[in-house]
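Reader: I am new to this structure and would like a close look at a single part of it. Please choose one part and describe it in detail, together with what surrounds it.

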Amino acid sequence: MRYLYGFRLLDSARQFITSAVSYAKEHDAGEWKFAVVNLATALELLLKARLAIEDPKLLAAKSSDLNEADLESGDFRSVTTEDALRCLKRLGFRLTGEQR
C-alpha cells in the first residue's frame, strides 16, 4: 500500500507542476504568483510522496493516531514541509549541492 499513496502524491505533484508551467506560459507576470504557489505545493507533495514510499504513517503529524481509513479519506493532519524534510534527513535522504 505504501507505493499506492506515494504514487497518488506523485501524480498530484505532477498536476501542480503542469499547472505552474501553464500559468507561467499563458499569463502575464501579475499572475505568476499562482505558478509559484503551485510549484511550492508540488514540492511539498514530492517530499510527502517520498515519505509515503518509506512508510505512509510518516505523513501524519501524529503517526500513532493514523490508520488505513484515515489515509484513504485524507482525514488527518499531515506533516509540514519542514517536518517532512527533517524526517527525510533522519532516514538518510540527502540532496547534493547541485540538486539544492
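Author: What follows is a close look at helix α2 (32–54) and its surroundings.

The model is predicted: local features need pLDDT of at least 70, side-chain atom pairs count only at pLDDT 80 or more, and totals for chains, interfaces and linings use all residues. Residues are numbered from 1 along each chain as its sequence is written, and side-chain values use heavy atoms, with hydrogens and water left out.

The setting comes first. The chain holds four helices and zero strands, and along the sequence it reads α-α-α-α. Helices (H or I, at least four residues) and strands (E, at least two) are DSSP runs, numbered from the N terminus. The C-alpha trace spans about 45 × 35 × 20 Å along its principal axes. Of the 100 residues in the chain, 25% are buried. Buried means under 20% relative accessible area, exposed means over 50%, and partly exposed is in between, with a 1.4 Å probe and protein chains only. A contact means heavy atoms within 4.5 Å. Among contacts in the chain with a separation of 6 or more, residues 24 or more positions apart account for 57%.

The buried side of the topic is the core. A nonpolar core is a set of buried Ala, Val, Leu, Ile, Met, Phe, Trp, Tyr and Cys residues joined through side-chain atoms within 4.5 Å. The largest one here has 17 residues, and those with the most contacts inside it are L9, L51, A52, L59, L71 and A84. Two or more residues come from each of α1 (2–26), α2 (32–54) and α4 (81–90). Helix α2 gives the largest share of this core, six residues. In soluble globular proteins, nonpolar side chains tend to be buried together. What does L51 touch, leaving aside residues up to four places away in sequence? The list is P56, L58, L59, V79, A84, C87, L88 and L91.

Next come the aromatic rings. Rings of Phe, Tyr and Trp (its six-membered ring) pair if their centres lie within 6.5 Å; planes under 30 degrees apart count as stacked, over 60 as edge-to-face and the rest as tilted. The structure holds two such pairs. In one of them, the centres of the Y23 and F34 rings are 5.4 Å apart and the planes meet at 35 degrees, so this pair is tilted. It joins distant parts of the chain, as Y23 belongs to helix α1 and F34 to helix α2, eleven residues apart. Y23 counts as partly exposed at 24% relative accessibility. F34 is also in the partly exposed class, at 35%.

The same helix takes part in a feature of the surface. Y3, F7, L10, I17, V21, L39 and L46 form a nonpolar patch there, with about 600 Å² of accessible area together. Patches are made of residues with over 30% relative accessible area and no salt bridge, where like charges are joined within 9 Å and nonpolar side chains (Val, Leu, Ile, Met, Phe, Trp, Tyr) within 5 Å. Accessible areas come from the Shrake-Rupley method with a 1.4 Å probe, and for residues only the protein chains shown count as cover. Helices α1 and α2 each supply at least two residues of the patch, and α1 gives the most, with five. V21, one of the patch residues, lies in helix α1 and is partly exposed at 40% relative accessible area. The chain exposes about 6,900 Å², of which carbon and sulfur atoms supply 55%.

The charged side chains remain. A salt bridge is a side-chain nitrogen of Lys or Arg within 4 Å of a carboxyl oxygen of Asp or Glu. The structure holds five salt bridges. E44 forms one with K48, and their closest N and O atoms are 2.8 Å apart. The two are four residues apart in helix α2, so about one helical turn separates them. Is K48 buried or exposed? At 8% relative accessibility, K48 counts as buried, whereas E44, at 27%, counts as partly exposed. R50 and E54 also meet in a salt bridge, at 3.4 Å from N to O. Both lie in helix α2, four residues apart, about one turn of the helix. R50 is partly exposed at 32% relative accessible area, and E54 is partly exposed at 35%.
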